[in-house]
Amino acid sequence: MSYMTETARFSLPLLAMAQAQKEVTHNEALTLLDALVHAAVEDGPLAVPPIGPTAGQCWLVGSGASGDWTGRADQIAIWCEGGWRFVSPRPGMRVVRLSDGAWLRHGEGEWSVPDAVPNPEGGVTIDAEARASIAALILALEAHGLLI
């Protein structure tokens, strides 16, 4: 029987039997979980790492990244007291971008903002009450972060 050293989805480090300094591995896993559960990024995708980040802040790394982010395109960059940590996103993963409040979704190898749901219009018979109800529903779904 072989033992896994990291989790299958996000490569979080796992403790090993008879491992010395288990707190290091455990703290690393908690740091990554802290960034990924209800994920929020400051901005991005960006090619240049920010100056003076604060522990716990995250960014989306863009293509052609430079500096400490070289070769990390499309990943989530997490600033920790010990430096940068990087996590590869999974298809369907969503993050909120704090710079503008947009929800981004990862799919087909890139981060994208879903298209906005348009307000109802057109048709031969106009039903103002139905349109008002649909518009209110769209606003409610947007307020809950289910629509953008």
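This passage walks through the sheet, a salt bridge, a capped helix and a few individual residues of a predicted model.

The sheet is a good place to start. Four strands make up an open sheet, ordered S1-S5-S6-S7, and the pairing in it is mixed. The edges belong to S1 and to S7 (residues 110-112); each of these has a single partner strand, so one side of each goes without a neighbour in the sheet. Going through the pairs in sheet order, S1 (residues 40-41) runs parallel to S5 (residues 94-97), with 2 bridges between them. Here Val41 sits opposite Arg97 of S5. Next comes the pairing of S5 with S6 (residues 102-107), which is antiparallel and counts 4 bridges. Arg94 has Arg105 of S6 as its bridge partner. S5 and S6 form a hairpin with 4 residues between the strands, and in this hairpin Gly101 adopts a positive phi near 80°. S6 and S7 are antiparallel too, joined by 3 bridges, and His106 faces Trp111 of S7 across that pairing.

Arg97 turns up again when it comes to charges. The salt-bridge count for the model is 1, and the pair in question is Arg97 with Asp100, whose closest N and O atoms are 3.0 Å apart. The two partners differ in how much of them can be reached from outside: Arg97 is buried, at 12% relative accessible area, while Asp100 is partly exposed, at 48%. So Arg97 ties two parts of this description together, standing opposite Val41 in the sheet and bridging to Asp100 through its side chain.

Ahead of S1, Val37 falls in the loop that links helix H1 (residues 22-36) to that strand. Val37 is partly exposed, with a relative accessible area of 49%. In sequence, Val37 and Val95 are 58 residues apart, yet their C-alpha atoms are 9.6 Å apart in space.

Helix H2 covers residues 128-143, which makes 16 residues, and from first to last C-alpha it reaches 22 Å, close to the 22 Å expected at 1.5 Å a residue. The N-terminal end of H2 is capped by Asp127, which places a side-chain oxygen 3.2 Å from the backbone nitrogen of Glu129.

Away from the four-strand sheet, Gln75 is worth a look. Gln75 belongs to the loop between strand S2 (residues 58-60) and strand S3 (residues 76-80). Despite being a loop residue, Gln75 is buried, with a relative accessible area of 13%. Leaving aside residues up to four places away in sequence, Gln75 touches two runs of the chain: Trp59, Leu60 and Val61, and then Phe86, Val87, Ser88 and Pro89.

The cysteines round things off. Searching the whole structure turns up 0 disulfides. For Cys58, the nearest cysteine sulfur is that of Cys80, 7.9 Å away, and Cys58 is in no disulfide. The reverse holds as well, with Cys58 supplying the nearest cysteine sulfur to Cys80, which is likewise in no disulfide. At 7.9 Å, the pair cannot count as a disulfide, because that takes sulfur atoms within 2.5 Å. Both residues are tucked away from the surface: Cys58 is buried at 2% relative accessible area, and Cys80 is buried at 7%.

Note on methods
Residues are numbered from 1 along each chain as its sequence is written. This is a predicted model: local features need pLDDT of at least 70, side-chain atom pairs count only at pLDDT 80 or more; totals for chains, interfaces and linings use all residues. Side-chain values use heavy atoms; hydrogens and water are left out. A salt bridge is a side-chain nitrogen of Lys or Arg within 4 Å of a carboxyl oxygen of Asp or Glu. Buried means under 20% relative accessible area, exposed over 50%, partly exposed in between (1.4 Å probe, protein chains only). Two strands pair if DSSP finds at least two bridges between them. The expected span of a helix is 1.5 Å times one less than its number of residues. A polar contact is a pair of N or O atoms within 3.5 Å; within protein, one must be able to donate a hydrogen and the other to accept it, and residues adjacent in sequence count only if both atoms are side-chain atoms. Contact means heavy atoms within 4.5 Å.
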